[in-house]
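Student: I would like to learn how to read a sheet and what packs on it. Where should we begin?

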Amino acid sequence: MTAIADCHGTVVSNFGRRALVEDATGERHQCMLSSRSLRPVTGDHVVWRPATPSSQPLLLSVEERRNALVRPNNRGKIEVLAANITQVVIVVAPSPEPDPFIVDRYIAAAEFMTADAAIVCNKRDLIGADGFEFDAELDVFAALGYPTLLTSAVGHEGLGELRDLLQSHTSILVGQSGTGKSSLLNALLPDLDLATQSVSASLGEGRHTTTASTLYHLDNGGRIIDSPGVRDYAPGQALDGQVQQGFVEIEAASQRCRFHNCVHMKEPGCAVIEAVTAQTISPRRYESYRRLLRLGRDLSRQY
Ligand SMILES: Nc1nc2c(ncn2[C@@H]2O[C@H](COP(=O)(O)OP(=O)(O)O)[C@@H](O)[C@H]2O)c(=O)[nH]1
Ligand SMILES: [Mg+2]
Ligand SMILES: [Zn+2]
């Protein structure tokens, strides 16, 4: 009797009871889930067993996740979108009109996951040399240490910088619908249309279905997850003390608050409120923090 060795792999896409698993050589295998309790997502590291004469490839177990990007689904349950992400790339554009509060939330999601965050302002071909209003917000993000890039997927501007940003990361592209995420991916991966087709076809998914996230490889070693479903994320366990972990400048200033459990709303001796008054913390970012704090409180009441 020959024993079949179990293998390690990465989930590059999943759909229903099936997952597409990539082995160490880059070959992809359509696996059935070996148990009902398994919930693999794109980016998961898994153990799988190759096909035998009597069985197709099987996904046996999902290894512990370093992190996961989650959002509440429409039934209020937390849904995991992708796992083991090292960078969240937030795509904005002059149209649809960018919302800095949404960018803050994605940045906070990245901070909660201990992933890097970067902002890409796409469709620069629509903007003159003088820029536009949102550039002032981009400056705020850049001053906090988040890389900000200007690109045009149509005009092929800034794509080299974007490629460099993605190098040696597992990134997920997020942002409002219509900002050009798919267009940027297509520009970075000229053979993407083909890839998308074969991934979807092998999982029995319709060509235009956009429910599953999919992992793609760049030639510089970067891995990028296109997740058409990411619109929001759940601050899940965003209890008061944790919301500030999504705002680096608030987290830093909080070290000087009088009370160690200060939530920076109206406590005396609050160093965060002092910094907002002195405008060394952006009042808009502070407002964003307050909104997220309130949202977290509403959600925890709901659950
Ligand atoms: N002018 C301009 N249009 C773009 C650019 N990138 C994408 N678009 C257009 O914006 C629309 C939405 O793009 P898409 O990639 O589907 O956005 P997604 O929803 O973020 O994936 C499409 O009509 C694209 O052709 C760009 O750099 N410049
Ligand atoms: Mg898209
Ligand atoms: Zn405080």
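Tutor: Begin with one strand. This is a predicted model, and in it strand 11 is mostly covered, with five of its five residues buried.

Student: Which residues of strand 11 are buried on one side and which on the other?

Tutor: Thr170, Ile172 and Val174 are on one side, and Ser171 and Leu173 are on the other. Both faces are covered. Buried here means under 20% relative accessible area.

Student: How do strands of a sheet pair in general?

Tutor: They pair through backbone hydrogen bonds, in either a parallel or an antiparallel way.

Student: Then which strands does strand 11 run parallel to?

Tutor: Strand 8 and strand 11 run parallel and are joined by four bridges. Strand 11, residues 170-174, is also joined by four bridges to strand 13, residues 223-226, again in parallel. As single examples, isoleucine 90 has valine 174 of strand 11 as its bridge partner, and leucine 173 has aspartate 226 of strand 13.

Student: What is the order of the six strands in the open sheet?

Tutor: The order is 10-9-8-11-13-12, and the pairing is mixed. Strand 10 (148-150) and strand 12 (214-217) are the edge strands, each pairing on one side only. From one strand to the next, the twist averages 25°.

Student: Which strands does helix 2 lie across, and which does helix 3 touch?

Tutor: Helix 2, residues 134-143, lies across strand 8 (87-92), strand 9 (116-121) and strand 10, and runs at about 145° to strand 10. Helix 3, residues 159-166, packs on the sheet and touches strands 8, 9, 10, 11 and 13. The direction of helix 3 makes about 155° with that of strand 8.

How values were computed. Residues numbered from 1 in each chain as written. Chains lettered and ligands numbered in written order. Predicted model: local features only at pLDDT ≥ 70, side-chain atom pairs only at ≥ 80, totals over all residues. Heavy atoms only, no water. Pairing = 2+ DSSP bridges. Helix = DSSP H or I, 4+ residues; strand = E, 2+ residues; numbered from the N terminus. Axes fitted to C-alpha atoms, helices over the stretch in contact; angles between N-to-C directions. Contact = heavy atoms within 4.5 Å. Buried < 20%, exposed > 50% of the residue type's maximum accessible area, 1.4 Å probe, protein only.
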